[in-house]
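Me: Could you go through this structure with me? I'll jump between topics as things occur to me.

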Amino acid sequence: TYCDATIDDYEESVHVCHKGYISIFPFMTGLLPPDSPRLKAVLDLIADPEELWSDHGIRSLSQKDEFYGTDENYWRSPVWMNMNYLIVDNLLTVAKAAGPHQKQARNMYTQLRKNLVDTVYESWKETGFAWEQYNPETGAGQRTQHFTGWTSLVVKILGMPDLEGKGGHDEL
(Lines give C-alpha, C1' and ligand atoms only; values in the text may rest on other atoms or scores of the structure.)
Protein backbone atom coordinates (compact mmCIF):
# COMPACT_ATOMS: atom_id res chain seq x y z
CA THR A 1 0.00 0.00 0.00
CA TYR A 2 0.93 3.61 -0.19
CA CYS A 3 1.83 5.08 3.20
CA ASP A 4 1.63 8.45 4.86
CA ALA A 5 4.79 10.27 5.92
CA THR A 6 5.17 12.03 9.24
CA ILE A 7 7.80 13.21 11.70
CA ASP A 8 8.27 11.13 14.84
CA ASP A 9 9.22 12.27 18.36
CA TYR A 10 12.89 12.34 17.32
CA GLU A 11 12.26 14.62 14.30
CA GLU A 12 12.85 11.67 11.96
CA SER A 13 10.76 11.10 8.86
CA VAL A 14 8.81 7.86 9.14
CA HIS A 15 6.14 6.10 7.10
CA VAL A 16 2.82 5.33 8.73
CA CYS A 17 0.99 2.55 6.94
CA HIS A 18 -2.70 2.12 7.67
CA LYS A 19 -4.77 0.70 4.82
CA GLY A 20 -7.51 3.17 4.04
CA TYR A 21 -8.18 6.28 1.99
CA ILE A 22 -4.61 7.48 2.50
CA SER A 23 -3.19 4.32 0.92
CA ILE A 24 -5.36 4.61 -2.19
CA PHE A 25 -5.03 8.37 -2.77
CA PRO A 26 -2.86 7.88 -5.88
CA PHE A 27 -5.72 5.87 -7.39
CA MET A 28 -8.45 8.22 -6.15
CA THR A 29 -6.73 11.23 -7.68
CA GLY A 30 -6.15 9.57 -11.04
CA LEU A 31 -2.37 9.27 -10.66
CA LEU A 32 -2.38 5.51 -11.36
CA PRO A 33 -2.98 4.90 -15.07
CA PRO A 34 -5.03 1.87 -16.16
CA ASP A 35 -1.83 0.05 -17.14
CA SER A 36 0.02 0.70 -13.86
CA PRO A 37 1.72 -2.39 -12.42
CA ARG A 38 0.46 -1.25 -8.99
CA LEU A 39 -3.19 -1.00 -9.98
CA LYS A 40 -4.13 -4.65 -9.37
CA ALA A 41 -3.01 -4.50 -5.73
CA VAL A 42 -4.96 -1.27 -5.18
CA LEU A 43 -8.12 -2.66 -6.80
CA ASP A 44 -7.83 -5.85 -4.75
CA LEU A 45 -7.47 -3.82 -1.54
CA ILE A 46 -10.53 -1.73 -2.37
CA ALA A 47 -12.59 -4.81 -3.32
CA ASP A 48 -11.70 -6.85 -0.24
CA PRO A 49 -14.66 -6.94 2.20
CA GLU A 50 -12.27 -7.73 5.05
CA GLU A 51 -10.35 -4.53 4.27
CA LEU A 52 -12.10 -1.54 2.63
CA TRP A 53 -15.19 -2.79 0.75
CA SER A 54 -18.58 -2.69 2.47
CA ASP A 55 -22.13 -3.00 1.20
CA HIS A 56 -22.51 0.74 1.85
CA GLY A 57 -19.35 2.11 0.26
CA ILE A 58 -15.60 2.08 0.75
CA ARG A 59 -14.52 2.33 4.37
CA SER A 60 -12.12 5.09 5.40
CA LEU A 61 -9.91 2.57 7.20
CA SER A 62 -9.48 -1.17 6.86
CA GLN A 63 -11.56 -3.11 9.33
CA LYS A 64 -8.42 -5.18 9.96
CA ASP A 65 -6.59 -2.11 11.26
CA GLU A 66 -6.01 -1.89 15.01
CA PHE A 67 -7.60 1.59 15.04
CA TYR A 68 -10.75 0.65 13.09
CA GLY A 69 -13.82 2.06 14.84
CA THR A 70 -11.86 3.24 17.88
CA ASP A 71 -11.77 6.49 19.86
CA GLU A 72 -13.46 9.37 18.10
CA ASN A 73 -13.97 7.20 14.98
CA TYR A 74 -14.27 10.18 12.65
CA TRP A 75 -11.89 8.75 10.01
CA ARG A 76 -11.55 5.26 11.47
CA SER A 77 -14.29 3.40 9.59
CA PRO A 78 -17.06 5.60 8.15
CA VAL A 79 -17.99 5.81 4.48
CA TRP A 80 -17.49 9.31 3.09
CA MET A 81 -19.32 10.20 -0.11
CA ASN A 82 -16.63 12.61 -1.34
CA MET A 83 -13.93 9.92 -1.18
CA ASN A 84 -16.23 7.30 -2.65
CA TYR A 85 -17.08 9.63 -5.52
CA LEU A 86 -13.37 9.84 -6.38
CA ILE A 87 -13.09 6.05 -6.21
CA VAL A 88 -16.13 5.35 -8.38
CA ASP A 89 -15.02 8.01 -10.88
CA ASN A 90 -11.58 6.43 -11.25
CA LEU A 91 -13.08 2.94 -11.44
CA LEU A 92 -15.09 4.23 -14.40
CA THR A 93 -11.89 5.52 -16.02
CA VAL A 94 -10.24 2.10 -15.69
CA ALA A 95 -13.45 0.34 -16.83
CA LYS A 96 -13.39 2.41 -20.03
CA ALA A 97 -9.75 1.65 -20.83
CA ALA A 98 -8.71 -1.53 -22.56
CA GLY A 99 -6.33 -3.39 -20.32
CA PRO A 100 -5.84 -6.16 -17.80
CA HIS A 101 -7.98 -4.54 -15.09
CA GLN A 102 -10.92 -3.41 -17.20
CA LYS A 103 -13.30 -6.23 -16.20
CA GLN A 104 -12.49 -6.02 -12.48
CA ALA A 105 -12.90 -2.23 -12.51
CA ARG A 106 -16.18 -2.51 -14.42
CA ASN A 107 -17.62 -4.96 -11.89
CA MET A 108 -16.42 -2.89 -8.94
CA TYR A 109 -17.73 0.34 -10.50
CA THR A 110 -21.16 -1.17 -11.12
CA GLN A 111 -21.53 -2.57 -7.60
CA LEU A 112 -20.02 0.40 -5.76
CA ARG A 113 -22.20 2.86 -7.69
CA LYS A 114 -25.30 0.87 -6.71
CA ASN A 115 -24.17 0.52 -3.08
CA LEU A 116 -23.57 4.26 -2.69
CA VAL A 117 -26.87 5.32 -4.25
CA ASP A 118 -28.81 2.73 -2.23
CA THR A 119 -27.10 3.76 1.02
CA VAL A 120 -27.89 7.46 0.65
CA TYR A 121 -31.41 6.77 -0.59
CA GLU A 122 -32.29 4.30 2.18
CA SER A 123 -30.94 6.64 4.85
CA TRP A 124 -32.87 9.52 3.28
CA LYS A 125 -36.09 7.48 3.31
CA GLU A 126 -35.57 6.54 6.97
CA THR A 127 -34.47 9.93 8.35
CA GLY A 128 -35.27 12.58 5.74
CA PHE A 129 -31.64 13.74 5.76
CA ALA A 130 -28.43 13.53 3.79
CA TRP A 131 -25.61 12.87 6.25
CA GLU A 132 -21.95 13.79 6.53
CA GLN A 133 -20.88 10.13 6.57
CA TYR A 134 -22.38 6.66 6.65
CA ASN A 135 -21.87 3.64 8.86
CA PRO A 136 -20.05 0.93 6.86
CA GLU A 137 -21.87 -1.91 8.64
CA THR A 138 -25.45 -0.60 8.63
CA GLY A 139 -25.50 2.22 6.08
CA ALA A 140 -27.05 4.53 8.66
CA GLY A 141 -26.28 8.21 8.22
CA GLN A 142 -24.20 9.67 11.01
CA ARG A 143 -22.52 12.84 12.32
CA THR A 144 -23.93 16.00 10.71
CA GLN A 145 -27.44 15.80 9.26
CA HIS A 146 -28.72 18.19 6.59
CA PHE A 147 -25.31 17.60 5.02
CA THR A 148 -25.92 18.32 1.38
CA GLY A 149 -22.28 19.28 0.81
CA TRP A 150 -20.24 16.41 -0.56
CA THR A 151 -23.04 13.92 0.03
CA SER A 152 -24.82 15.63 -2.87
CA LEU A 153 -22.15 13.99 -5.06
CA VAL A 154 -24.55 11.05 -5.09
CA VAL A 155 -26.42 13.01 -7.78
CA LYS A 156 -23.28 12.98 -9.95
CA ILE A 157 -22.90 9.26 -9.23
CA LEU A 158 -26.49 8.74 -10.41
CA GLY A 159 -25.60 10.61 -13.61
CA MET A 160 -22.66 8.31 -14.36
CA PRO A 161 -23.17 5.67 -17.04
CA ASP A 162 -24.90 2.41 -16.22
CA LEU A 163 -22.40 -0.18 -17.42
CA GLU A 164 -24.63 -3.06 -16.39
CA GLY A 165 -28.02 -2.22 -17.86
CA LYS A 166 -29.30 -2.13 -21.43
CA GLY A 167 -27.04 -0.07 -23.59
CA GLY A 168 -24.33 -0.04 -20.96
CA HIS A 169 -21.78 -1.20 -23.49
CA ASP A 170 -22.74 1.67 -25.79
CA GLU A 171 -21.96 4.19 -23.06
CA LEU A 172 -18.32 3.17 -22.91
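**A buried loop residue**

Me: Let's start with Leu61: is it buried or exposed?
Reply: Leu61 counts as buried, because its relative accessibility is 8% and the cut-off for buried is under 20%. Please keep in mind throughout that this is a predicted model.

Me: Where does Leu61 lie?
Reply: Leu61 is in the loop that runs between β4 (57-58) and α3 (81-96).

Me: And what does Leu61 touch, leaving out residues up to four places away in sequence?
Reply: With those left out, Leu61 touches His18, Lys19 and Gly20, then Glu51 and Leu52, and further along the chain Phe67, Tyr68, Trp75, Arg76 and Ser77. As for Ser23, it is 38 residues from Leu61 in sequence, while the two C-alpha atoms are 9.4 Å apart in space.

Me: Switching to the largest nonpolar core, which residues touch the most other members?
Reply: Phe27, Ile46, Ile87 and Leu91 do, out of the 40 residues that make up this core. Two or more residues come from each of α1 (25-28), α2 (39-47), α3, α4, β5 (131-134) and α5 (153-158), and α3 gives the most, with nine residues.

Me: What does Ile46 touch, then?
Reply: Not counting residues up to four places away in sequence, Ile46 touches Ile24, Phe27, Leu52, Trp53, Ile58, Ile87 and Met108.

Me: How many aromatic pairs does a search of the whole structure find?
Reply: The search finds six, and one of the pairs is formed by Tyr74 and Trp80, which meet edge-to-face at 5.1 Å centre to centre with 75° between the planes. Tyr74 and Trp80 also belong to one aromatic cluster together with Tyr21, Trp75 and Trp150.

Me: Why is Trp80 called buried, and Tyr74 partly exposed?
Reply: Trp80 is buried because its relative accessible area is 0%, whereas Tyr74 has a relative accessible area of 26% and is therefore partly exposed, given that partly exposed covers the range between 20% and 50%.

Me: New topic: how far does α4 reach?
Reply: Helix α4, which covers residues 102-127 and has 26 residues, reaches 37 Å from its first C-alpha to its last, close to the 38 Å expected at 1.5 Å a residue. After α4 comes Gly128, whose phi is positive, near 80°.

Me: Last one, where does pLDDT stay under 50?
Reply: That applies to residues 167-172, for which the model has ten contacts beyond four places in sequence. For the protein chain, the mean pLDDT is 92, and 95% of its residues reach 70 or more.

Key: Residues numbered from 1 in each chain as written. Predicted model: local features only at pLDDT ≥ 70, side-chain atom pairs only at ≥ 80, totals over all residues. Heavy atoms only, no water. Helix = DSSP H or I, 4+ residues; strand = E, 2+ residues; numbered from the N terminus. Expected span 1.5 Å × (residues − 1). Buried < 20%, exposed > 50% of the residue type's maximum accessible area, 1.4 Å probe, protein only. Contact = heavy atoms within 4.5 Å. Core = buried A, V, L, I, M, F, W, Y, C linked by side-chain atoms within 4.5 Å. Phe/Tyr/Trp six-rings, centres within 6.5 Å; stacked < 30°, edge-to-face > 60°. pLDDT = per-residue confidence, 0-100.
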